[in-house]
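Let's take a walk through this fold together. Please have the sequence and the 3D view open side by side, and turn the view as we go.

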Amino acid sequence: MRELVVLACALAGCLAQTPHPCASPPLLSGALTVSTQNEQLWTYTQYLYDALGQRIRLREMGIYQNKSFTYDALLLFREGTMYEINSSDRTCKKAPLSTDFQPLAIPKNSSLLGQAVLGSSSGPGQGLLVNTWSGDLPNQTGKYMTTVTEFGCIPVSTAYQTDQFGWVLISFFNNIIGISDPSQLNPPDFCQDGVMRKEATDFLSLFLRRNWRWVRHQLSNNTCYKKALAVDFHPLATPPNASLVGQLVMGSSPGLGRGVLVNTWVGELQINEKTAKYVSTVTELGCVPVSTLLHTSASGWLVTSFFNNVIGPADPQLFVPPPLCTDAQLEQTGEPVTFFSWF
């Protein structure tokens, strides 16, 4: 019995520890997407990552400035060479790499923004515990923010700032520890005679109706305002006419607590008599919201990320206007607000 108590205390101590910078597994394979703030670039990429041999393989398809493209690149950092591979016509181009290998890891000088649950912690398989870190890019060229799983340090997403594209978002999914076919990290035989280009490249350059009353109160100065809501209530649900993009794992599928199974849907909404496109991701178990992207002509893409979700409100009283709002008058000036304009 004493041993059981000691073990339970040890486990509790481990779970209560503050997250520390970590390194992802040295061998990874999976998929990622890259999107930019100015909407000039979007790619879907299958990747192989070998930190032991300092090798990366990227097979991309995407859109750049409204033109589609495909791309296959093998980066051999120890050789300082990148291979542009075209398997269909068996041609190969070589270019020198201008940067050193950067492992998938949280730099030691990063700052912890916080720990959160993607999805919900209320049930098994409904959530994923992650840590988010921030810092400065090398040579003070911009900022970055990266999220990894608490267990396994599996990459989930990375956002960084560039002069050309603004904020660039990389989202990882369907990650698997290990590489099923290591030969894909060797140049094919038809690359042996490839001619080296003079210009160098680096890793990042590869991507690049009824009105409802709405009560808002300010407890800081004991004031309360009422405004008219211009939209009906929309439940957190995937519309019946939404189209399934696909099912994937955020994090990694092998290993307890390293990943969560999610579904991504797309469709269109009518907001203020205008059509807005959306991309919504929810957990497979529990349909707990993970993220929603909404495109409007005024603001471009708006990203809403959900975390630390718990099923059931802890304090239902928060849905009741406080006493200080009893005498608040409905504001008659200004346009009625919508749910999205509040953000």
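The paragraphs below move from strand pairing to the nonpolar cores, then to a pocket and a loop residue.

Keep in mind that what you are looking at is a predicted model. A good place to begin is strand β8, residues 127-136. Is this strand mostly covered or mostly open? It is mostly covered, with seven of its ten residues buried. Strand β8 has a partner in β7 (residues 111-119), and the two run antiparallel over eight bridges. To find the register, look for S111, which stands opposite S134 in β8. Strand β8 also pairs with β9 (residues 143-149), again in the antiparallel sense, this time over seven bridges. Here T132 is a handy marker, since its opposite number in β9 is T147.

Now let's turn to the nonpolar interior. The largest nonpolar core holds 22 residues, and those touching the most other members are Y47, I56 and L75. Which elements build this core, giving two or more residues each? They are β1 (27-36), β2 (41-50), β3 (55-64), β4 (67-76) and β11. A second core, separate from this one, has eleven residues, among them F173, L248, V260 and V290. Back in the largest core, Y47 rewards a closer look: leaving out residues up to four places away in sequence, Y47 touches L28, S29, G30, A31 and L32, together with R57, L58, F172 and N175.

Strand β11 also leads us to open space in the model. The second largest pocket has a volume of about 1900 Å³. Of the 47 residues lining this pocket, T33, S35, L169, S171 and L293 are the closest to its centre. Which element gives the largest share of the lining? That is strand β11 (residues 166-177), with six residues. Sorted by class, the pocket lining has 26 nonpolar residues, 20 polar ones and one charged one.

Our last stop is T238, in the loop between β13 (223-229) and β14 (243-251). Is T238 buried, partly exposed or exposed? Its relative accessible area is 23%, so T238 counts as partly exposed, given that buried means under 20% and exposed over 50%. Setting aside neighbours within four places in sequence, T238 is in contact with W265 and V282. You can also trace the distance from T238 to P289: the two are 51 residues apart in sequence, while their C-alpha atoms are 9.6 Å apart in space.

Terms used:
Residues are numbered from 1 along each chain as its sequence is written. This is a predicted model: local features need pLDDT of at least 70, side-chain atom pairs count only at pLDDT 80 or more; totals for chains, interfaces and linings use all residues. Side-chain values use heavy atoms; hydrogens and water are left out. On a 1 Å grid over the protein atoms alone, a cavity is a set of points where a 1.4 Å probe fits but cannot get out, and a pocket is an open set with protein on both sides within 12 Å along at least five of seven lines; lining residues have an atom within 4 Å of a point. Grid points are joined across faces, edges and corners, and a volume is the space filled by probe spheres set on the points. Helices (H or I, at least four residues) and strands (E, at least two) are DSSP runs, numbered from the N terminus. Ala, Val, Leu, Ile, Met, Phe, Trp, Tyr, Cys and Pro count as nonpolar, Asp, Glu, Lys and Arg as charged, and the others, Gly among them, as polar. Buried means under 20% relative accessible area, exposed over 50%, partly exposed in between (1.4 Å probe, protein chains only). Two strands pair if DSSP finds at least two bridges between them. Contact means heavy atoms within 4.5 Å. A nonpolar core is a set of buried Ala, Val, Leu, Ile, Met, Phe, Trp, Tyr and Cys residues joined through side-chain atoms within 4.5 Å.
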